[in-house]
Amino acid sequence: MDESTSIAKNLQRVNMNIREYEKLYQRSENSVVLLGATKNQSIEKMQEAIDNGLTIFGENYLQEALEKMELLANKKIEWHYIGPIQSNKIKKIAEHFSWVQSVSSEKIAKSLNDHRPTDLPPLNICIEVNINAEASKSGASPNEVLALAEYCQSLPNIKLKGLMAIPKLTNSFEEQRKEFRELKKLFDSMKEKGFKVDTLSMGMSDDLEAAIAEGSTMVRVGTAIFGKRESL
Ligand SMILES: *Cc1c(COP(=O)(O)O)cnc(C)c1O
């Protein structure tokens, strides 16, 4: 099969699924935004997705992202950093992205704030939450989130937008929903406390429906659009 036409089709299918799940779970139309997760995906595939209307991309590795940004410099793309953050990469991340979704500590938030060039708009950030503590090491634990959110709001060069999570892999739809429901609860409690957050980034290729059912506003989809990841 011709790879490029398959990406156009995949993208169309994923977009259709999102709109169907919005209806099915009584979500407002177009309340879920699609981000293409393109770590280890080629420029050609990204190009094809761009030609078919995708404008938001998430990358996990700084060097790979910087190379892609240069090659796609003439495109109108919103770049999100969604990978683990090493402290020696923070300056470049703060300079080159519009969003960072994987903020998990005060130290990282402060450093992003301090390195964000002041001639750019504030860096949009999400706090990454580790909803099931045993399964993964990344993310703040749920009971740390409110204090971290408070801290982020005190920093002028970053703008707290919401929460992100990567729950443990499970094929059980009910299990998936349960985890996402936890995150949604935390998100709602932030809103109740007066935080101006609007982004609940949850749901990937294999748990898209459960995430939308539980209130996701942004899904991060890789393989369902771009196919299996390759080493570039
Ligand atoms: C890779 C990745 C995704 C996409 O995963 P798929 O299962 O390929 O859709 C989403 N979010 C993050 C943070 C990722 O690293």
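Helix α1 holds N10, and in this predicted model that residue makes a convenient starting point for a walk through the chain. With a relative accessible area of 16%, N10 falls under the 20% limit, and therefore counts as buried. From that buried place, a polar atom of the N10 side chain lies 3.0 Å from the backbone oxygen of I225, so that pair is within the 3.5 Å allowed for a polar contact.

Beyond α1, which spans residues 3-24, the chain enters the loop that leads to β1 (33-37), and Q26 is found in this loop. Most residues other than glycine have a negative phi. Q26, which is not a glycine, has instead a positive phi of about 55 degrees. At 69% relative accessibility, Q26 is over the 50% limit and is therefore classed as exposed. The loop between α1 and β1 also contains N30, another residue that is not a glycine and yet has a positive phi, here about 60 degrees.

After β1 comes the loop that runs on to α2, and K39 lies in it. Is K39 buried or exposed? Its relative accessibility is 19%, which is under 20%, so K39 counts as buried. That value takes only the protein chains as cover, and the part that K39 plays around the ligand is taken up below. As for its place in the fold, the C-alpha atom of K39 is separated by 29 Å from that of E144, a residue 105 positions away along the chain.

Helix α2 covers residues 43-51, and its buried residues are I43, K45, M46, E48, A49 and I50. E48, found in this helix, has a relative accessibility of 17% and is counted as buried because that value is under 20%. Although E48 and I7 are 41 residues apart in sequence, their C-alpha atoms are 6.8 Å apart in space. Following α2 is G53, whose phi is positive, near 100 degrees.

Further along, S105 has its place in the loop between β4 (99-103) and α5 (106-115). Its relative accessible area is 24%, a value between the 20% and 50% limits, and S105 is therefore partly exposed. A polar atom of the S105 side chain lies 3.2 Å from the backbone nitrogen of I108. Between S105 and G203, which are 98 residues apart along the chain, the C-alpha atoms are separated by 22 Å.

The ligand can now be considered together with the residues around it. Which residues surround the ligand? They are A37, K39, N60, I82, I166, M204, S205, R220, V221, G222, T223 and R229. By class, this shell divides into five nonpolar, four polar and three charged residues. K39, already met in the loop between β1 and α2, has a polar side-chain atom 2.8 Å from an oxygen atom of the ligand. The backbone takes part as well, since a polar backbone atom of G222 is 2.8 Å from an oxygen atom of the ligand, and a backbone N or O atom of T223 also lies 2.8 Å from a ligand oxygen atom. On its own the ligand has 390 Å² of accessible area, and the protein covers 91% of it. The space that the ligand takes is the largest pocket.

The last stop is helix α9, made up of residues 223-226, in which F226 is found. With a relative accessible area of 1%, F226 is under the 20% limit and is therefore buried. F226 and P117 are 109 residues apart in sequence, and their C-alpha atoms are 33 Å apart in space.

Technical notes: Residues are numbered from 1 along each chain as its sequence is written. This is a predicted model: local features need pLDDT of at least 70, side-chain atom pairs count only at pLDDT 80 or more; totals for chains, interfaces and linings use all residues. Side-chain values use heavy atoms; hydrogens and water are left out. A residue is near a molecule or strand if one of its heavy atoms lies within 4 Å of it. A polar contact is a pair of N or O atoms within 3.5 Å; within protein, one must be able to donate a hydrogen and the other to accept it, and residues adjacent in sequence count only if both atoms are side-chain atoms. Accessible areas come from the Shrake-Rupley method with a 1.4 Å probe; for residues, only the protein chains shown count as cover. On a 1 Å grid over the protein atoms alone, a cavity is a set of points where a 1.4 Å probe fits but cannot get out, and a pocket is an open set with protein on both sides within 12 Å along at least five of seven lines; lining residues have an atom within 4 Å of a point. A molecule sits in a cavity or pocket if more than half of its atoms lie within 2 Å of its grid points. Ala, Val, Leu, Ile, Met, Phe, Trp, Tyr, Cys and Pro count as nonpolar, Asp, Glu, Lys and Arg as charged, and the others, Gly among them, as polar. Helices (H or I, at least four residues) and strands (E, at least two) are DSSP runs, numbered from the N terminus. Buried means under 20% relative accessible area, exposed over 50%, partly exposed in between (1.4 Å probe, protein chains only).
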